[in-house]
Amino acid sequence: MSSIVPETGMLYRPWKKIDKTIVPNIVESIKEACKGDNKAVFIGTDSQMHDHKQEFVTAIVVYTEGKGACTFHTKIFTGEPRSLREKLINEALLSLHTAWEIEKILPKNVDLSVHLDVNPEPPWLSSKYHDEIYWMIKGQGFTAVTKPNAFAASYVAEHICKHRNESDG
C-alpha cells in the first residue's frame with residue numbers, strides 16, 4: 001500500500017472553511033482560532049467514491065467550550081481503494097499526519113484528539129479493523145475517538161464528502 005500522505009505535508013495543502021472560503025494560511029488560522037481558554041482540536045477524515053476516484057476529506061475542528069466551533073478542511077483524490085481496510089487506514093493516516101503537524105503549533109493548554117471513522121460494534125463492517133486503527137493512533141500518543149463519538153470524521157468530514165459542490169472540486 002503506497003502512502004496517501006502528500007510529501008509536502010498536510011498543512012501545505014489548500015484548506016477551506018466550512019463555507020468553502022479559502023484559508024490563506026492554515027497554520028495562522030489554527031493559531032488564531034486556538035487563542036483563549038477552553039479550546040480543543042479534533043481531527044477526522046472520511047472518504048467517498050466520486051467518479052471512480054476516492055475523495056478523502058480531512059477536517060480540523062477547533063472547538064471553544066460553550067461557544068461552538070470553527071472548521072477547516074482539505075481534500076485529496078486517489079484511485080479506488082482495494083479494500084475497506086485500505087480505505088480506513090488511509091483515512092486514519094491522513095488524520096494522524098495532520099495531528100503530527102498541528103501538535104507542533106498548538107498551545108499546551110489545547111487538547112488534541114483524532115476522530116476515526118471506525119465502529120467498535122460487531123454489526124458494522126469497520127469493527128473488524130477497529131483495534132488495528134485505534135491502536136495505530138493511540139500508539140503515536142494521541143487520544144483516539146471512534147464512532148459514535150467521532151464527529152470530526154463521522155459528521156464534519158462526511159458532510160463535506162457527501163454534500164460536495166461540483167464547482168468546489
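## A walk around one sheet

Okay, let me start with one residue: leaving aside neighbours up to four places away in sequence, I18 touches T71, H73 and I160. Before I say where that residue sits, one caution: what you have in front of you is a predicted model.

So, I18. You'll find I18 in the loop between β1 and β2. Is it buried or exposed? Neither, really: its relative accessibility is 46%, so it counts as partly exposed. There's also a long jump in sequence here. I18 and A157 are 139 residues apart along the chain, yet their C-alpha atoms are 9.9 Å apart in space.

That takes me to contacts across the whole protein. Take the contacts with a separation of 6 or more: 68% of them are between residues 24 or more positions apart.

Now let's step back and look at the parts list. There are four helices and seven strands. If you read along the sequence, the pattern goes β-β-α-β-β-β-α-β-α-β-α.

How do the strands line up? In an open sheet of seven strands, in the order β2-β1-β5-β4-β3-β6-β7, with mixed pairing. At the edges you have β2, residues 22–23, and β7, residues 143–145, each of which pairs on one side only.

Let me walk you through some of those pairings. Strand β1, residues 15–17, goes with β5 in the antiparallel sense, over two bridges. One residue pair to look for is K16, whose bridge partner in β5 is H73. And yes, H73 is one of the residues that I18 touches.

Next, from β5 over to β4. Strand β4 covers residues 53–64 and strand β5 covers residues 68–78; they run antiparallel, joined by eleven bridges. If you want to follow that pairing on the screen, T64 has G68 in β5 as its bridge partner, while E55 stands opposite F77 in β5. The hairpin of these two strands has three residues between them, and G66 there takes a positive phi near 80°.

Keep going and you get to β3. β3 and β4 also run antiparallel, with twelve bridges joining them. V41, for instance, has V62 in β4 as its bridge partner. This hairpin has two residues between the strands, and D51 takes a positive phi near 55°. H52, found in the loop between β3 and β4, has a positive phi too, of about 65°, although it is not a glycine. H52 has a relative accessible area of 66%, and since anything over 50% is called exposed, exposed is what we call H52.

On to the next neighbour, and here the direction is parallel: β3 pairs with strand β6, residues 111–115, over five bridges. There, F42 has S113 in β6 as its bridge partner.

How much of β3 is covered? Mostly: ten of its twelve residues are buried. While we're on strands, a general reminder: side chains in a regular strand alternate between the two faces of the sheet.

Just ahead of β3 there's another backbone detail. N38 is in the loop between α1, residues 26–33, and β3, residues 39–50. Its phi is near 60°, which is positive in a residue other than glycine. N38 has 51% relative accessibility, so it counts as exposed.

And where would you look for a cis peptide bond? Go from K147 to P148: that bond is cis, with omega near 10°. P148 lies in the loop between β7 and α4, residues 151–162.

Last stop, the overall picture. For 169 residues, a compact globule would have a radius of gyration near 15 Å, and the protein has 15 Å, so the two agree. Along the principal axes, the C-alpha atoms fill a box of roughly 40 × 35 × 30 Å. Buried residues make up 49% of the 169. As for the outside, the protein exposes about 9,100 Å², with carbon and sulfur atoms supplying 51% of that. Then the charges: there are 20 positive and 22 negative side chains, and the centres of the two sets lie 2 Å apart.

If you take one picture away, take the sheet: seven strands, open, with mixed pairing. Thanks, everyone.

Methods. Residues are numbered from 1 along each chain as its sequence is written. This is a predicted model: local features need pLDDT of at least 70, side-chain atom pairs count only at pLDDT 80 or more; totals for chains, interfaces and linings use all residues. Side-chain values use heavy atoms; hydrogens and water are left out. The radius of gyration is taken over C-alpha atoms; the globule rule is 2.2 Å times the number of residues to the power 0.38. Buried means under 20% relative accessible area, exposed over 50%, partly exposed in between (1.4 Å probe, protein chains only). Contact means heavy atoms within 4.5 Å. Accessible areas come from the Shrake-Rupley method with a 1.4 Å probe; for residues, only the protein chains shown count as cover. Lys and Arg count as positive and Asp and Glu as negative; His and the chain ends are not counted. The place of a charge is taken as NZ of Lys, CZ of Arg, CG of Asp or CD of Glu. Two strands pair if DSSP finds at least two bridges between them.
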